Amino acid sequence: MGSSPSFPVVSLPRDRIVVVTGGNTGIGYETAKHIAMMGATVIIACRSEQRATDAIRRMNEEYQDDRTKGKLEEGHINEDKLPVEFMKLDLASLKSTMDFIEAFKSSGRKLQVLLCNAGLAVVPRGHTEDGYETHFQVNYLGHFLIVAHLLPIMKTSGEDCRIVFTSSLAHKGARFDLEKAQAKNPSDYGRMLYYSNSKMYQIQHMFCLSRRLRGSDVTVTSMHPGTVSTEITRNYSDLKCFSCLVSCLDSMKVLRTPYQGAVTLVDLAVNPKNKGVKDVYFVDCKSASIARLSRNEQYQEDLWNYSVECLKQYLPPDITASLDVPQDGYQ
Ligand SMILES: NC(=O)c1ccc[n+]([C@@H]2O[C@H](COP(=O)([O-])OP(=O)(O)OC[C@H]3O[C@@H](n4cnc5c(N)ncnc54)[C@H](OP(=O)(O)O)[C@@H]3O)[C@@H](O)[C@H]2O)c1
């Protein structure tokens with residue numbers, strides 16, 4: 001029933017700047033490649049320059065192969081090189097995240113699309129150099145810092161600017177308890193639970209941002225890519241049950257390819273029909289239901305305040321002020 005979800009191939013101007021965190025592999029890789037093929041300038045923000053350089057080379061090889069074989073469609077560029085660039089970003093370090101932000105700001109570029117996609121899943125209990133639980137910082141807090149600093153640029157980057165969070169269906173297994181957010185007590189920790197929590201925080205972040213962006217040209221959405229065969233499994237290869245499950249799903253051909261996993265993210269980034277769409281969680285390019293917990297506005301704002309407190313050293317007054325809810329309040 002129905003056809004597979006897909007995105008339209010639309011011609012994008014070279015001065016439309018798209019940042020994809022974690023664009024060197026998996027869902028981010030496919031997303032970056034397909035958006036660059038439509039002509040926008042894509043920056044993959046990755047922690048390993050070598051892996052990013054290899055990825056850009058591979059994207060170009062695949063693109064040239066398509067070009068030679070006449071597989072390009074109307075809307076694709078027909079050039080010798082894809083407009084993809086690398087910028088260094090390690091979300092597990094707030095210092096590295098700030099270096100990325102400062103480098104982007106000093107480039108003087110505008111920013112129309114920010115795809116917060118990088119992430120890890122179901123890792124053993126650990127803390128970053130900043131002292132935060134790993135899923136919390138890499139999947140959520142690091143992206144919070146990027147959004148906070150780059151929003152002023154996005155707000156002045158013309159119409160139809162978009163932020164998309166690659167969340168997960170796993171958010172439905174989340175619990176909300178900020179006192180335990182950093183898993184200080186090992187007995188609080190569950191690998192799946194803390195992944196789920198980080199994915200719910202992204203959805204809560206979406207709602208908080210939308211309240212603050214009312215009336216602006218910046219919209220925020222979130223999505224689940226499906227269950228996708230990517231390198232994400234390296235994070236839990238030590239867990240026999242997960243590895244068995246993944247092999248089973250693989251042999252049953254239930255897992256999506258990275259390209260299939262990227263379809264909804266690309267659609268949210270480029271489809272003209274998604275202009276102005278906000279506060280929606282998408283699956284297969286369609287709006288989908290989210291866990292009721294994610295909708296709790298008090299929890300959303302508690303998370304927001306907690307995050308601002310975590311990042312206070314990195315949020316100067318002008319940035320904090322720009323993140324206030326507009327004076328006329330919200331409902
Ligand atoms: N695969 C699925 O079934 C699935 C389902 C639901 C949601 N998702 C979400 O989809 C997103 C992409 O995952 P994927 O499946 O494409 O996984 P993946 O193949 O493992 O790709 C993850 C990307 O995130 C990057 N990353 C990890 N830690 C980072 C850090 N500290 N700083 C900067 N970048 C970092 C990785 O960089 P390196 O290559 O350097 O490690 C890689 O580029 C994640 O947010 C994940 O939660 C995936």
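These questions and answers walk through a predicted model, from its ligand to two helices and several loop residues.

Visitor: Which residues come nearest to the ligand?
Guide: The ligand has 29 residues around it. Five of these come nearest. They are Asn24, Arg47, Tyr195, Val228 and Thr230.

Visitor: How far is an oxygen atom of the ligand from an N or O atom in the side chain of arginine 47?
Guide: Polar contacts are N or O pairs within 3.5 Å. Arginine 47 brings an N or O atom of its side chain to an oxygen atom of the ligand, at 2.6 Å.

Visitor: Which residues place a polar backbone atom 2.9 Å or 3.2 Å from an oxygen atom of the ligand?
Guide: Here the backbone supplies the polar atom. At 2.9 Å from a ligand oxygen, the residue is isoleucine 27. At 3.2 Å, the residue is isoleucine 232.

Visitor: How much of the ligand's accessible area does the protein cover?
Guide: On its own, the ligand has 890 Å² of accessible area. The share covered by the protein is 97%.

Visitor: Where does helix H4 bend?
Guide: H4 runs over residues 134-155 and reaches 30 Å from first C-alpha to last, close to the expected 32 Å. The helix still bends, by about 40°. Proline 152 follows the bend within four residues. The bend sits at histidine 149.

Visitor: Why is H4 described as largely enclosed by the rest of the structure?
Guide: Buried means under 20% relative accessible area. H4 is largely enclosed because so many of its 22 residues are buried, namely 20.

Visitor: What span does helix H5 reach from its first C-alpha to its last?
Guide: H5 covers residues 191-212, which makes 22 residues. At 1.5 Å a residue, 32 Å is expected. The span reached is close to that, at 32 Å.

Visitor: How many residues of H5 are buried?
Guide: H5 is largely enclosed by the rest of the structure. Of its 22 residues, the buried ones number 21.

Visitor: Which residues does serine 210 touch, leaving out those up to four places away in sequence?
Guide: Serine 210 is found in helix H5. Its relative accessibility is 6%, so serine 210 counts as buried. Beyond its sequence neighbours, serine 210 touches Val220, Lys278 and Asp279.

Visitor: Is aspartate 279 buried, partly exposed or exposed?
Guide: Aspartate 279 is found in the loop between H7 and strand E7. Its phi is near 60°, a positive value in a residue other than glycine. At 29% relative accessibility, aspartate 279 counts as partly exposed.

Visitor: What is the phi of aspartate 284?
Guide: Aspartate 284 lies in the loop between E7 and strand E8. At 24% relative accessibility, this aspartate counts as partly exposed. Aspartate 284 is not a glycine, yet has a positive phi of about 50°.

Visitor: Which residues is threonine 128 in contact with, leaving aside neighbours within four places in sequence?
Guide: Threonine 128 lies in the loop between strand E4 and H4. With a relative accessible area of 11%, threonine 128 is buried. Its contacts are Ala92, Thr134 and Gln137.

Visitor: Is methionine 252 buried or exposed?
Guide: Methionine 252 is found in the loop between helix H6 and helix H7. Exposed means over 50% relative accessible area. At 56%, methionine 252 is exposed.

Visitor: How far apart in space are methionine 252 and glutamate 74?
Guide: In sequence, methionine 252 and glutamate 74 are 178 residues apart. In space, C-alpha to C-alpha, the distance is 35 Å.

Conventions. Residues are numbered from 1 along each chain as its sequence is written. This is a predicted model: local features need pLDDT of at least 70, side-chain atom pairs count only at pLDDT 80 or more; totals for chains, interfaces and linings use all residues. Side-chain values use heavy atoms; hydrogens and water are left out. Helices (H or I, at least four residues) and strands (E, at least two) are DSSP runs, numbered from the N terminus. The expected span of a helix is 1.5 Å times one less than its number of residues. The bend at a residue is the angle between axes fitted to the seven residues ending there and the seven starting there. Buried means under 20% relative accessible area, exposed over 50%, partly exposed in between (1.4 Å probe, protein chains only). A residue is near a molecule or strand if one of its heavy atoms lies within 4 Å of it. A polar contact is a pair of N or O atoms within 3.5 Å; within protein, one must be able to donate a hydrogen and the other to accept it, and residues adjacent in sequence count only if both atoms are side-chain atoms. Accessible areas come from the Shrake-Rupley method with a 1.4 Å probe; for residues, only the protein chains shown count as cover. Contact means heavy atoms within 4.5 Å.
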